[in-house]
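Open the model in your viewer and keep the sequence panel beside it. Each stop below says what to select and what is there.

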Amino acid sequence: MDKIVISGGRTLNGTVRTSGAKNAALPILIATLLAPGEHRLANVPELADVSSTLSLLGRIGCPSLVNGSIRLDTSRIAFSEAPYDVVRKMRASVLVLGPLLARCGQAKVSLPGGCAIGTRPIDQHLKGLEALGCRFELSGGYIHGHVDDLVGADIQLDMPTVTGTENIVMAATLARGTTILRNAAREPEIVDLCNFLISLGARIEGAGTDTLVIEGVSRLRPATRAYRILPDRIEAGTYLCAGAMAGGDVTVTDCEPEHLQPLLRKLEAAGCTIDTTATSLRIRRDGPLKGVDVRTEPHPGFPTDMQAQLMAVLSRAEGASIVEETIFENRFMHAAELKRMGAVVETRGRVATVRGVESLTGAAVMASDLRASAALVIAGLSAAGRTEVLRTYHLDRGYDDMVGKLRGLGAAIARVPDDLHDPAALDEAMGLAPTPGAGSSTSEARATA
Ligand code: EPZ
């Protein structure tokens, strides 16, 4: 197993390119099941979750070829099943439910358990698909779904669930008649999925609003011309937070600034200067960070997937900040690890109070989930001394070459086997010249002022 080591205290300078969005790529890859044939997709990020999705599709009977873009052949479905060993690693596998039911009239999908950030039930997915005529049985930890005739319906969601909206929309594209989905999620990744489905011949209106109208069609055609996945706003936001934390001058390219407005407003209020072009964001910070309050909400509110990264930034801001997490009931696991680095964070239920400190100190910390691991890397960039982030597999699920991209911005960071402890070897891996007579990297860099 690997760990990530960081020698903190260097400012970040330069340009970093945004990859395709994980949370658009996964539903779009799975949506190809709706249209038999060969599909082409471009700007698909190189992530563990993408590999898991391609292996799941392979087990269903749909081979793929990856060389820059992706070719995926969904002509034949051998097994309409998502087994436990895949779903337990990646909850998003539950997204095969709608397409398999629409295409094959049946599906067997392992019921996703809870995860580090919450219980995450799928009752809304099932409620919506039942409204379209599906019937479900739960046995042996699996959801067994059947449908004879998929018929459009008027569905009201109890909350704007992202993957719930996606599952229902995908099934509704091949249903007889019209489906109205109310209180639908409005995330940009949902708009990208709808645009992809429309490019296959689906009839969808209202993408990006809370009411989607889907006129069912009898068949969809494969994406023979490569469909380009939208940029990852969460990845772009993560590098903006890295720039805010470490100081310096960072430009994030190939992103959609419009999708990041809630975060940009918070970073500006925290004292950062942000320059925007149509496809890039430049962040600089001249003075100290200032505390800001933040409350996560469904899009277009502040994204829960940026909460941990912003908390890391606020741990060094002057004054106190209130962070309220309204989407997931257990998404402060990073707080305890930040405290190991000297941060002052008090959590009560879904509210955290962050009191900014002068500096953080490097430590060995444990990643608990994808965004928590990004927050720990961001904290390590500004901490004095060396930080070691363990359980990097969390990071690999959603960040395409984070170490390489941060090194490109001048960070002293490396990925090494987790049993490597020799300071000189670690310094060398991070690209730090050994200091004559000094045992470790602390003499190299001091915490950024
Ligand atoms: C998606 O998860 C994203 N994952 C998550 O990103 C993201 O945090 C989340 O949306 C919120 O933005 C993907 O797109 C693959 P939800 P999803 O259903 O769809 C409750 C990351 O870091 N709920 O919108 O699973 C649920 O428990 C990941 O990239 C029900 O009660 O989230 C939660 O409290 C983490 N019943 C809330 O709704 C349901 O049937 C929102 O969950 C469905 C959801």
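How many cavities of 30 Å³ or more does the count come to? The count comes to two. Keep in mind throughout that this is a predicted model.

**Stop 1: the largest cavity**

Select Ala21, Lys22, Asn23, Glu189, Asp232, Ile234 and Arg371, which line the largest cavity. The volume of this cavity is about 40 Å³. Colour the lining by class, and you should get two nonpolar residues, one polar residue and four charged ones.

**Stop 2: the second largest cavity**

Now select Ser19, Gly20, Pro45, Leu47, Asp232, Glu235, Gly398, Tyr399 and Asp400, the lining of the second largest cavity. The space inside the second largest cavity is about 30 Å³. Its lining divides into three nonpolar, three polar and three charged residues. Asp232 is in this lining, and Asp232 also belongs to the lining of the largest cavity.

**Stop 3: the ligand**

Display the ligand together with the 20 residues around it. Among these residues, Asp123, Thr161, Thr163, Asp305 and Ile327 come nearest. Sorted by class, the shell holds eight nonpolar, six polar and six charged residues.

Next, show the side chains of Lys22, Asn23 and Thr163, and look for distances to the ligand. A polar atom in the side chain of Lys22 is 3.0 Å from a ligand oxygen. For Asn23, an N or O atom of the side chain is 3.1 Å from an oxygen atom of the ligand. For Thr163, an N or O atom of the side chain is 2.6 Å from an oxygen atom of the ligand. How much of the ligand's 830 Å² does the protein bury? The ligand exposes 830 Å² when taken alone, and the protein buries 87% of that.

Which elements give two or more residues to the shell around the ligand? Select helix 1 (22-31), helix 5 (123-131), helix 6 (162-172) and helix 12 (370-382) to see them. Helix 5 gives the most, with three residues. Lys22 and Asn23 have a part at two stops: both line the largest cavity, and Lys22 and Asn23 each have a side-chain atom at the distance from a ligand oxygen given above.

**Stop 4: helix 4**

Select residues 97-104, which form helix 4. Is this helix mostly covered or mostly uncovered? Helix 4 is mostly covered, with six of its eight residues buried. The buried residues are Leu97, Gly98, Pro99, Leu100, Leu101 and Ala102. Move on to Gly105, which follows helix 4 and has a positive phi, near 80°.

**Stop 5: backbone angles in three loops**

Zoom in on the backbone from His299 to Pro300. The peptide bond between these two residues is cis, with omega near 15°. Pro300 is in the loop between strand 18 (294-295) and helix 10 (307-314).

Then go to Asn43, in the loop between strand 3 (38-42) and helix 2 (48-60). Asn43 has a positive phi, near 60°, and is a residue other than glycine. Is Asn43 buried or exposed? Asn43 counts as buried because its relative accessible area is 15%, and the cut-off for buried is under 20%.

The third loop lies between strand 23 (386-390) and helix 13 (393-396), and Arg391 is found there. Phi of Arg391 is also positive, near 65°, again in a residue other than glycine. With a relative accessible area of 34%, Arg391 is partly exposed.

**Stop 6: two pairs of residues**

For the last stop, use the distance tool between C-alpha atoms. Start with Val250, in strand 15 (residues 248-253). Val250 has 0% relative accessibility, so this residue counts as buried. Draw a line from Val250 to Ser93: these residues are 157 apart in sequence, and their C-alpha atoms are 35 Å apart in space.

Now take Tyr142, in strand 9 (residues 142-146). Tyr142 is buried, with a relative accessible area of 15%. Draw the second line from Tyr142 to Pro83. These two are 59 residues apart along the chain, and 8.4 Å separates their C-alpha atoms.

Notes: Residues are numbered from 1 along each chain as its sequence is written. This is a predicted model: local features need pLDDT of at least 70, side-chain atom pairs count only at pLDDT 80 or more; totals for chains, interfaces and linings use all residues. Side-chain values use heavy atoms; hydrogens and water are left out. A residue is near a molecule or strand if one of its heavy atoms lies within 4 Å of it. A polar contact is a pair of N or O atoms within 3.5 Å; within protein, one must be able to donate a hydrogen and the other to accept it, and residues adjacent in sequence count only if both atoms are side-chain atoms. Accessible areas come from the Shrake-Rupley method with a 1.4 Å probe; for residues, only the protein chains shown count as cover. Helices (H or I, at least four residues) and strands (E, at least two) are DSSP runs, numbered from the N terminus. Ala, Val, Leu, Ile, Met, Phe, Trp, Tyr, Cys and Pro count as nonpolar, Asp, Glu, Lys and Arg as charged, and the others, Gly among them, as polar. On a 1 Å grid over the protein atoms alone, a cavity is a set of points where a 1.4 Å probe fits but cannot get out, and a pocket is an open set with protein on both sides within 12 Å along at least five of seven lines; lining residues have an atom within 4 Å of a point. Grid points are joined across faces, edges and corners, and a volume is the space filled by probe spheres set on the points. Buried means under 20% relative accessible area, exposed over 50%, partly exposed in between (1.4 Å probe, protein chains only).
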